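Got the viewer open? Let's take a walk through this structure, one selection at a time.

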Amino acid sequence: GVSEETTTGVHRLVQMEKDGHLLFPAYNVNDSVTKSKFDNIYGCRESLADGLKRALDVMVAGKTIVICGYGDVGRGCAQSMRGYGARVIVTEIDPICALQSAMEGFEVTTLEKALAEGHIFVTTTGNKDVITKEHMYGMKDQSIVCNIGHFDNEIQVNAVNQDGEINREVIKPQVDRYTFPDGHQIFILAEGRLVNLGCATGHPSFVMSNSFTNQVLAQIALATEAPGLGVYMLPKELDEEVARLHLDHLGVTLTKLTDEQADYIGVPKEGPYKPEHYRY
């Protein structure tokens with residue numbers, strides 16, 4: 001069996017199961033709360049900036065950053081860039097995510113409308129062709145384009161490389177400058193692959209410890225429970241235990257329920273404290 005901790009990988013496993021092509025049991029580690037709500041949000045909140053700074057040492061304050069997608073990854077990126085003093089514009093297809101973004105104070109519009117204003121463009125969607133060659137033709141001079149969500153096909157890098165009218169210049173490894181026929185230039189980081197890995201060293205180890213603890217627990221479950229074909233989730237008790245194991249390092253002391261309090265809200269005194277449908 002396998003344990004999978006990326007959003008894209010889980011999507012593929014679920015599709016394989018739906019199509020009858022899945023040949024092994026698989027644990028969906030990505031959707032453990034201590035992975036998706038920590039690695040995806042807080043990891044990206046730090047590693048996006050790390051990649052941008054190492055690649056170009058760019059000043060973020062005062063610039064307009066366009067974040068394509070406001071899932072967990074996009075949320076962390078938007079928080080990060082706002083923290084640096086940037087104006088953040090978000091693009092979204094999902095009305096719920098768009099409303100969340102707007103109520104966090106971010107502007108939400110289409111990429112086409114944001115092209116003339118953006119200085120840095122970040123894809124976080126897990127989809128393809130999010131930033132097209134035509135989009136890059138319409139960007140302002142010295143724009144920066146990068147991806148932190150998925151494979152390099154989020155940005156149409158191949159189409160730009162194959163366009164004989166566009167000149168590519170390698171400034172240094174993982175930093176390419178493209179000059180368009182009208183003279184404007186853009187920088188594409190990490191060849192459109194994950195900027196936090198191509199231009200930096202990924203997420204800090206502490207947040208990855210959450211993810212990898214889930215991976216270990218999933219591998220133990222595969223070995224000891226030998227589940228049949230299917231895509232499984234780890235139980236909430238283990239999700240809470242992963243979080244609990246990381247609290248001491250941060251100096252966190254948990255409040256404990258009394259027996260009466262636990263009975264009153266109908267939960268076990270030692271957890272789990274939330275129902276399966278709860279959205280953190």
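In which hand does α3 pass α10, left-handed or right-handed? Keep that in mind while you set up the view, and bear in mind that you are looking at a predicted model.

**Stop 1: the whole chain**

Start with everything shown. The protein chain has twelve helices and eleven strands. Its C-alpha trace spans about 70 × 45 × 35 Å along the principal axes. If you colour by burial, buried residues come to 45% of the 280 residues. Among contacts with a separation of 6 or more, 65% are between residues 24 or more positions apart.

**Stop 2: α3 against α10**

Now select residues 39-56, which is helix α3, and residues 205-225, which is helix α10. Their axes are 9 Å apart, and the helices pack at an angle of about 155 degrees. That makes α3 roughly antiparallel to α10, since angles over 145 degrees count that way. And here is the reply to the opening question: the crossing of α3 past α10 is left-handed.

Show side chains where the two helices touch. On the α3 side you'll find D39, Y42 and G43, and they meet V207, M208 and S211 of α10. Sorted by class, this contact of α3 with α10 has three nonpolar, two polar and one charged residues.

**Stop 3: α3 against α4**

Keep α3 and add residues 72-83, helix α4. Here the axes come within 7 Å and cross at roughly 55 degrees. That makes α3 oblique to α4. This time the crossing is right-handed.

Which residues make the contact? From α3, pick N40, I41, C44, R45, L48, A49 and L52. From α4, pick D72, V73, R75, G76, C77, Q79, S80 and M81. By class, the contact of α3 with α4 divides into eight nonpolar, four polar and three charged residues.

**Stop 4: the nonpolar cores**

Some of those names come back in the largest nonpolar core, which has 30 residues. Select L48, L52, I67, M81 and L189: these touch the most other members. The elements giving two or more residues to this core are α3, β3 (64-68), α4, β4 (87-91), β6 (120-123), β7 (143-147) and β10 (185-189). Which element gives the most to this core? That is α3, with five residues.

Zoom in on I67. Leaving out residues up to four places away in sequence, I67 touches G74, C77, A78, M81, V88, I89, V90, T91, V122 and T124. Apart from this core lies another one, of 20 residues, and to find it you can select L115, V130, V157 and Y178, which are among its members.

**Stop 5: the other side of α10's story**

Go back to α10 and add α11 (236-245). The axes of α10 and α11 come within 10 Å and cross at roughly 135 degrees. That makes α10 oblique to α11, and α10 passes α11 in a right-handed crossing. At the contact, N210, T213, N214 and L217 of α10 meet L238, D239, V242 and L245 of α11. By class, this contact of α10 with α11 has four nonpolar, three polar and one charged residues.

While you are on α10, click Q215. Is Q215 buried or exposed? Q215 has a relative accessibility of 17%, so it counts as buried. Not counting residues up to four places away in sequence, Q215 touches S3, E4, E5 and V29.

**Stop 6: loops and backbone oddities**

Select A226, in the loop between α10 and β11 (230-232). A226 has a positive phi of about 45 degrees although it is not a glycine. With 58% relative accessibility, A226 counts as exposed.

Next, jump to E191, in the loop between β10 and α9 (195-198). E191 also has a positive phi, near 55 degrees, and is a residue other than glycine. At 33% relative accessibility, E191 counts as partly exposed.

Then pick K256, in the loop between α11 and α12 (259-265). K256 counts as exposed, at 68% relative accessibility. Draw a distance line from K256 to I65: the two are 42 Å apart in space, C-alpha to C-alpha, and 191 residues apart in sequence.

Last of all, where does P272 lie? Look in the segment after α12. The peptide bond from G271 to P272 is cis, with omega near 5 degrees.

Notes: Residues are numbered from 1 along each chain as its sequence is written. This is a predicted model: local features need pLDDT of at least 70, side-chain atom pairs count only at pLDDT 80 or more; totals for chains, interfaces and linings use all residues. Side-chain values use heavy atoms; hydrogens and water are left out. Axes are lines fitted to C-alpha atoms, for helices over the stretch in contact, and angles run from 0 to 180 degrees between N-to-C directions. Helices (H or I, at least four residues) and strands (E, at least two) are DSSP runs, numbered from the N terminus. Angles under 35 degrees count as roughly parallel, over 145 as roughly antiparallel, 65 to 115 as roughly perpendicular and the rest as oblique. A crossing is left-handed if the near helix is turned anticlockwise from the far one by less than a right angle, and right-handed if clockwise. Contact means heavy atoms within 4.5 Å. Ala, Val, Leu, Ile, Met, Phe, Trp, Tyr, Cys and Pro count as nonpolar, Asp, Glu, Lys and Arg as charged, and the others, Gly among them, as polar. A nonpolar core is a set of buried Ala, Val, Leu, Ile, Met, Phe, Trp, Tyr and Cys residues joined through side-chain atoms within 4.5 Å. Buried means under 20% relative accessible area, exposed over 50%, partly exposed in between (1.4 Å probe, protein chains only).
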